[in-house]
Amino acid sequence: MFGIIVSGRLVQTDFQQVGESQCLFNLEDAEKINHIVVFLTGQTPFPQEMGGAVYFSWPNESGPSWQLLGHLSNSKPSAIFKISSLKKGEGSSASPFGLQKASSLAQIGISIEPLPQLTQQIAATDTTPSSINSMVEFSQKMLENLFNYMSSFALTQSQMTPSPQESYVPLSTLQQWYTKFQRRMEQNPYFWKN
């Protein structure tokens, strides 16, 4: 019924049934995983008005810590989830999959639930680290690139040849701006909209 794809690996369809409406996939080397595709194989659709909540769990000595990623349904049979920025242990210890032994493997869990309940869960928890983290990451990489580029042209005052047509900005000014911008992005990724 379900399959998952991790970039650079074979398709996995070998889930473990852990309850009447729950199943688990084990994932090795979770630290190396950036994105996971979860999909319906097309062999068996969900029952009417049902869908599957998709959860992710990092390995943890105290037991699984689950984070709701999103959901699948007959009208949305696949989804891509970015998990690289999810932190270990920041999910809920309440497991929809019963008591599972602590494992050295990360896990994807799928729980079949009524669609109205799924949409409420996703709206309430919304742990998919999509646009904000991507925007912050892009901004930081862009700023680092600009700073490195500008630094490659840096000269000391004694190395400069006076040129009345050129304006010069001290590299320390760019460093101060970069530090301030990073701090503001961490505090509020949407500060630039104000």
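**Figure 1. Accessible surface and overall make-up of the predicted model.** The accessible surface of the protein amounts to about 12300 Å². Carbon and sulfur atoms account for 53% of this surface. Of the 194 residues in the protein, 32% are buried. The model contains three helices and eight strands. Read from the N terminus, the elements follow the order β-β-β-β-β-β-β-β-α-α-α. Among contacts between residues at least 6 apart in sequence, 72% join residues at least 24 apart.

**Figure 2. Strand 1 and its pairing with strand 4.** Strand 1 covers residues 2-6, and strand 4 covers residues 35-40. The two strands pair in the antiparallel sense, and five bridges link them. One position to locate in this view is Ile5, whose bridge partner in strand 4 is Val37. Four of the five residues of strand 1 are buried, so this strand is largely enclosed by the rest of the structure.

**Figure 3. Surroundings of Gly52 in strand 5.** Strand 5 comprises residues 50-58, and Gly52 belongs to it. The relative accessibility of Gly52 is 0%; because buried means under 20% relative accessible area, Gly52 counts as buried. Apart from neighbours within four places in sequence, the residues in contact with Gly52 are Phe46, Gly70, His71, Leu72, Ile110, Ser111, Ile112 and Leu118. One of these contacts, Ser111, lies 59 residues from Gly52 along the chain. The C-alpha atoms of Gly52 and Ser111 are 5.2 Å apart.

**Figure 4. A nonpolar patch on the surface, with residues from helix 2 and helix 3.** The patch is formed by Leu146, Tyr149, Met150, Phe153, Leu171 and Trp177. Together these residues have about 590 Å² of accessible area. Helix 2 spans 131-151 and helix 3 spans 171-187, and each supplies at least two residues of the patch. The largest share comes from helix 2, with three residues.

**Figure 5. Leu146, one of the patch residues.** Leu146 is located in helix 2, the helix that gives the nonpolar patch its largest share. Is Leu146 buried, partly exposed or exposed? The relative accessible area of Leu146 is 35%. Since buried means under 20% and exposed means over 50%, Leu146 is classed as partly exposed.

Definitions and conventions:
Residues are numbered from 1 along each chain as its sequence is written. This is a predicted model: local features need pLDDT of at least 70, side-chain atom pairs count only at pLDDT 80 or more; totals for chains, interfaces and linings use all residues. Side-chain values use heavy atoms; hydrogens and water are left out. Buried means under 20% relative accessible area, exposed over 50%, partly exposed in between (1.4 Å probe, protein chains only). Two strands pair if DSSP finds at least two bridges between them. Contact means heavy atoms within 4.5 Å. Accessible areas come from the Shrake-Rupley method with a 1.4 Å probe; for residues, only the protein chains shown count as cover. Patches are made of residues with over 30% relative accessible area and no salt bridge: like charges are joined within 9 Å, nonpolar side chains (Val, Leu, Ile, Met, Phe, Trp, Tyr) within 5 Å. A salt bridge is a side-chain nitrogen of Lys or Arg within 4 Å of a carboxyl oxygen of Asp or Glu.
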